Amino acid sequence: MTEPADQRPSGVAEGAAEAGAPNRHTPVHTVVVPPDVNMVTLLGPRDELLRTMERAFPQVVIHVRGNEFHVSGSSADVALVERTIDELLAVIEGGQPLNRDAVERSIQMLRAHSSERPADVLTMNIVSNRGRTIRPKTLNQKHYVDAIDANTIVFGIGPAGTGKTYLAMAKAVAALQAKQVNRIILTRPAVEAGERLGFLPGTLNDKIDPYLRPLYDALHDMVDPESIPKLMAAGTIEVAPLAYMRGRSLNDAFIILDEAQNTSPEQMKMFLTRLGFGSKMVVTGDVTQVDLPGSNLSGLRVVRDILDGLEDVHFSLLTAQDVVRHRLVGAIVTAYGQWDEAQQHPGRRQQGRGPREHRRAQRD
C-alpha cells in the first residue's frame, strides 16, 4: 500500500536520492507492496507492466527492490504513480489478471480525474462463460453498462471496436440468466455495403446471414454453443433482419438493434415503437460508417435530436479512447477522424498540420 510521507516507518529513506534519479536532491517516495502479493503478477513477465508504467511517466524514475517501489519525480507525477500501483493491487486483490492494457487504461482513467476507481471498472463482471468473463475495460464502457441498467432505451454510439454491441449482448445474456426477460432479440438492417445481395448464391436467408454473422459470433462467446440451436428453436433467442420486426410488439424481451447507422429515420421509428411491456432496448451504431445509398439520411444521426432529453432514454457516446481491439485500431480510428476533418475543412490543413504531420509531431 502507498504510505504518506509523514506516516512512513523510520526505515524508509524519504529524502535519500536514488541511483539514476534526474536530480540527486529529488525526494524518493516508497510504496510497500503487501508480502502476500506475487511481484511477478504486479510487474508482469520480464517486467513488462513496470516498463508500461515507465513509458507512461517518462519524467519519473521508478526502481523496484524486493517488494518496494522507490519513485522520484514531480509531486504530481509521483502521486499518480502511487495511485496507479494501489489500483493495480486492488485489481489483483479482486482476482483479475493484469496485462499491459489494464495498466494503460488505469493510468488513463486516473489522469481523467474520474470519481470512479479504475479497479471498480476493471473488476466489474457482466457475464461469465467457459471460464471467460466479460466486463467493461474503460470508464465510458462502464457508464454505458450502467446506463443499460438504469434506462429502458439506450443508444450506444461510437467507432468500431468500442464494445457497443458486445457489451449490450453480454447485458442481454445476463438479463436472460437472471430471468429479468424471457427472450433476447438481435437485429440488424440488411444494407448492401458496396456489395449486391442479388448476386450471392443461396436462398434469401443464406443471403442475409452474412449481415447477422457478427451477432452469432458474439453470442457464441457468451452462451454454450451446443445450447444455442435449442434456444433459437424455442424462440428464446432470435436473430433476424430489421425488416422482420415490422408489425410486432415485443414484450418481456431484451432487444438489440446493431449497425443502426444504416437505418432510415422511418425504420428507426418503426423499431423503437416495437417496445413492449417489460422490455429493454439497446441501439448501437457508428455514425461515421453509414452505408445507406446516395444521400439517404441515417436514422441514428437524427434520433438524438428527436429523443434527446426524453425520460428513460439515454445516449452513451464512445470514442477512439474506448477501442478495445488491437491497439492499432484506436490509432486507425483517430487517423481517419483527422483525415475526415481535413477534408471537411481544407483550409485548416493548409494553416496547420494534417493527420500525418500531427502524428509525426507527436512522435518527435
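**Close-up views of a predicted model**

**View A. Ala260 sits in the loop between strand 9 and helix 10 (265-272).** In this predicted model, Ala260 has 0% relative accessibility and therefore counts as buried, the cut-off for that class being under 20%. Leaving aside residues up to four places away in sequence, Ala260 touches Met268, Val283, Thr284, Gly285, Ser298 and Leu300. Val287 is 27 residues from Ala260 in sequence, while in space the two are 8.5 Å apart, taken from C-alpha to C-alpha.

**View B. Six strands form an open sheet with parallel pairing.** Read across the sheet, the strands follow the order 8-7-9-10-6-11. Its edges are formed by strand 8 (237-241) and strand 11 (313-317), each of which pairs on one side only. From one strand to the next, the twist averages 15 degrees.

**View C. Strand 7 and strand 9 pair in the parallel sense.** The pairing joins residues 183-188 of strand 7 with residues 253-257 of strand 9 over five bridges. Within this pair, Ile185 stands opposite Ile255, the latter belonging to strand 9.

**View D. Helix 7 and helix 11 each lie across several strands.** Helix 7, made up of residues 164-177, lies across strand 6 (153-157), strand 7, strand 9 and strand 10 (280-285), and it runs at about 170 degrees to strand 9. Helix 11, which spans residues 299-307, lies across strand 6, strand 10 and strand 11, and its direction is at about 130 degrees to strand 11.

Notes. Residues are numbered from 1 along each chain as its sequence is written. This is a predicted model: local features need pLDDT of at least 70, side-chain atom pairs count only at pLDDT 80 or more; totals for chains, interfaces and linings use all residues. Side-chain values use heavy atoms; hydrogens and water are left out. Two strands pair if DSSP finds at least two bridges between them. Helices (H or I, at least four residues) and strands (E, at least two) are DSSP runs, numbered from the N terminus. Axes are lines fitted to C-alpha atoms, for helices over the stretch in contact, and angles run from 0 to 180 degrees between N-to-C directions. Contact means heavy atoms within 4.5 Å. Buried means under 20% relative accessible area, exposed over 50%, partly exposed in between (1.4 Å probe, protein chains only).
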